[in-house]
Structures are given as structure tokens and as C-alpha cells.
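Subject: Structure handover

Hello,

Here is the structure I promised to pass on to you. Please have it open while you read, as my notes follow below.

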Amino acid sequence: MDGLKVSDRNLVDLIKSLVSEDGFSDTLIANVRLMKCAKSLPRMPLIYRPGLTIIVQGQKIGYLGDREIHYNSGHYLVQTLPLPFECETFASQQEPLLGVSIDIDPVVLSELVTVSSEDALKPSVTHFPMSSVPMSDDMLESVFRLIKALHDPHTAKVMGQSRVREVIFEALQSPQGAALRALVVNQGRFSLIVNSLKQLHQQLDQEVRVEQLAEDANMSVSSFHHHFKNVAGSSPLQYLKRLRLLKAQMLLNQGHLNVSQISLEVGYKSVHQFSRDYKRYFGSPPTKDKLREDAVI
């Protein structure tokens, strides 16, 4: 008996009855959102929140540097940082993409890692801030219990966070669980690069010197470039540019600031250079861009 497929079909039915609109839908449990997309979408730049993305129907392919990251009903995405990447979606009206997104609460993650009996991180293990992980039976059962709780307000209120913790615990047991633990225990090169990435996110509107980032990570500039590209899929300055442009798109879609203000907000000294980079990245100038209904997926 193929229990995995039976559970997977049950998950499709459970989610389908909870969502009607395309995009992300908030739920009765904090940090848990449901996903739906009823059409295929071409490859486009995106940024996800750190967390777990579990697809139960449909398929997505992420592109990060020279890596292709496939996640569908047999895999789920583990993302430890809000990393700029490109994504392609395969879905239809008859079989829409359905899934659940779980934001990782740093406090919950820290608690689970602290009480875990896992061995210290091994420097030889390769960690990535974004990876597709095979769906284990235990993870599938944990996700099933979490989604089932959304159908009952009382269960969601009383047991919701416990169900979320269970799913995160299973992710910690996965092949990329070490990448999640690295966010807490601060060991190895991966953790040093993660700290550099966090620094870039916090200093988005400031001038950035790669030499200073390398010094803060206690690496030579060449070693820092090498390890940074292995983790983030691009050089530090390419990563920063993509991050700035995605933040600019978000600000533009909010409609509160004009192009000049947004340019300064994301660290550009020249609005003309900002407009050129924006058009090169998104295919249209910031004055004509608009919120894409599919960008939330």
C-alpha cells in the first residue's frame, strides 16, 4: 500500500477546500499561509520569506546561480534566508498549484535546536540557504496534522503552534536540517556567510564594502567571494543589487513613495542608474511597473 500517495491526495483535498483566490492566504494559525496558483507562470525574479514551502500539487523550479531547485509533491523547500532568486511555476485551472508556507520563527527554531541531541555541525557538510528536500513519511504526516487543524478553529487555537513546531522539528531531521541549525549554533563557514547576508539586508540603503564584509567574516577577500557565491549563488555585489531591486519593486507596488524616493531608500545615489538597473532586471521601467498578481507566488 502506497501510504505516501494516499496522504498526499488527502492533503490536496484539505487545502483545496480552504482556498479560493490565487496567491497566499492567511490562516487561523500564525506564520502559516496557504498557497494557490491556477496557471503556469514564466521564470521571474522573486524573494521568499525564510521558512518551509510545501507543495502538494503542481510544480515549481527555482533558479539560484547555476542551481536548479525542483520542488513539487515529492519535495519541499527549506529556505533559511530571504534570498533573491528566480522561479517558474507549472499549474493549470484543472490542477492548480496548492501548498502551504510556514514562516520560521527564530525563537521556536532556537528552542528546538537547543534541546536537540544532534551532533555539532560538521564543516565538511554542504549547506545551502535554499534547498529542495525529499518529503519523508514523518514530514508528510506532520503537515497533514497541521492542515487538518486549520479546519477546526478550536484545534487551530489550542494545538496550532504545536503542529507548527512538529513540522519544523521534522525539517531539522532532513538532509538540510544542518543549515537550519547553523542559524542558531553559529558554526562553520556557512554561518559566517549567513551573518554577512543578514548584514546586507540590514544595511540595504548604505554603502557596502566587500573588503569590510570579508574582514568581519575573518576571511580573505578571495576566500569570502568563493564561499559567498557557493551559498548565495552570486557575488556579494550582484546579490546586493538584486536585493535592492526586489525591495524597490515592493515599495513601488505599495504606492507610498515616488521613484526618486525609492531609489534613495534602497541605496542608489543616482535615480537614472536605478531606473536602468530596474528595467534590465524586471523588463520595464519603475514608472510603468505594476504589481503582478502572480508575484506573491
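For what comes first, a salt bridge is a side-chain nitrogen of Lys or Arg within 4 Å of a carboxyl oxygen of Asp or Glu. Please keep in mind that this is a predicted model.

Glu 111 and Arg 165 fit that description, their side chains meeting in a salt bridge with 2.7 Å from N to O. The pair links distant parts of the chain, since Glu 111 lies in helix α2 (residues 106-115) and Arg 165 in helix α4 (residues 153-172), 54 residues apart. Glu 111 is partly exposed, with a relative accessible area of 37%, and Arg 165 is also partly exposed, at 30%.

How many salt bridges does a search of the whole structure find? The search gives six.

Another one joins the side chains of Arg 43 and Glu 86, at 2.6 Å from N to O. Here too the pair links distant parts of the chain: Arg 43 sits in strand β3 (residues 41-47) and Glu 86 in strand β8 (residues 84-90), 43 residues apart. Arg 43 has 46% relative accessibility, so it counts as partly exposed. Glu 86 counts as partly exposed as well, because its relative accessibility is 24%.

A salt bridge of a more local kind in sequence is found in helix α11 (residues 271-282), where Asp 277 and Arg 280 are three residues apart and therefore separated by about one helical turn. Their side chains meet at 3.0 Å, N to O. Are these two partners buried or exposed? Asp 277 is buried, with a relative accessible area of 4%, whereas Arg 280 is exposed, at 60%. Salt bridges that share partners also bring in Lys 241, so that Lys 241, Asp 277 and Arg 280 form one network.

Now to the helix packing. Helix α3 (residues 137-149) has 13 residues, and from its first C-alpha to its last it reaches 19 Å, close to the 18 Å expected at 1.5 Å a residue. Its buried residues are Met 139, Leu 140, Ser 142, Val 143, Leu 146, Ile 147 and Ala 149.

How do α3 and α4 pack, and at what angle? The angle is about 160°, and the axes are 9 Å apart. Angles over 145 degrees count as roughly antiparallel, and α3 and α4 are therefore roughly antiparallel to each other. The crossing in which α3 passes α4 is left-handed. On the α3 side, the residues that meet α4 include Met 139, Ser 142, Val 143, Leu 146 and Ala 149; these five are also listed among the buried residues of α3. On the α4 side, the residues met include Ala 156, Gly 160, Val 164, Val 167 and Ala 171. Charged residues take part too, among them Asp 138 and Arg 145 from α3, and Arg 163, Glu 166 and Glu 170 from α4.

Some notes on the chain as a whole. There are eleven helices and ten strands, and buried residues make up 47% of the 297 residues. Among contacts between residues at least 6 apart in sequence, 73% join residues at least 24 apart.

One last spot to look at is Gly 23, in strand β1 (residues 23-26). Gly 23 is buried, with a relative accessible area of 4%. Gly 23 and Lys 36 are 13 residues apart in sequence, and 5.4 Å apart in space from C-alpha to C-alpha.

Best wishes

Key. Residues numbered from 1 in each chain as written. Predicted model: local features only at pLDDT ≥ 70, side-chain atom pairs only at ≥ 80, totals over all residues. Heavy atoms only, no water. Helix = DSSP H or I, 4+ residues; strand = E, 2+ residues; numbered from the N terminus. Buried < 20%, exposed > 50% of the residue type's maximum accessible area, 1.4 Å probe, protein only. Expected span 1.5 Å × (residues − 1). Axes fitted to C-alpha atoms, helices over the stretch in contact; angles between N-to-C directions. Parallel < 35°, antiparallel > 145°, perpendicular 65-115°, else oblique. Left-handed = near helix turned anticlockwise from the far one by under 90°. Contact = heavy atoms within 4.5 Å.
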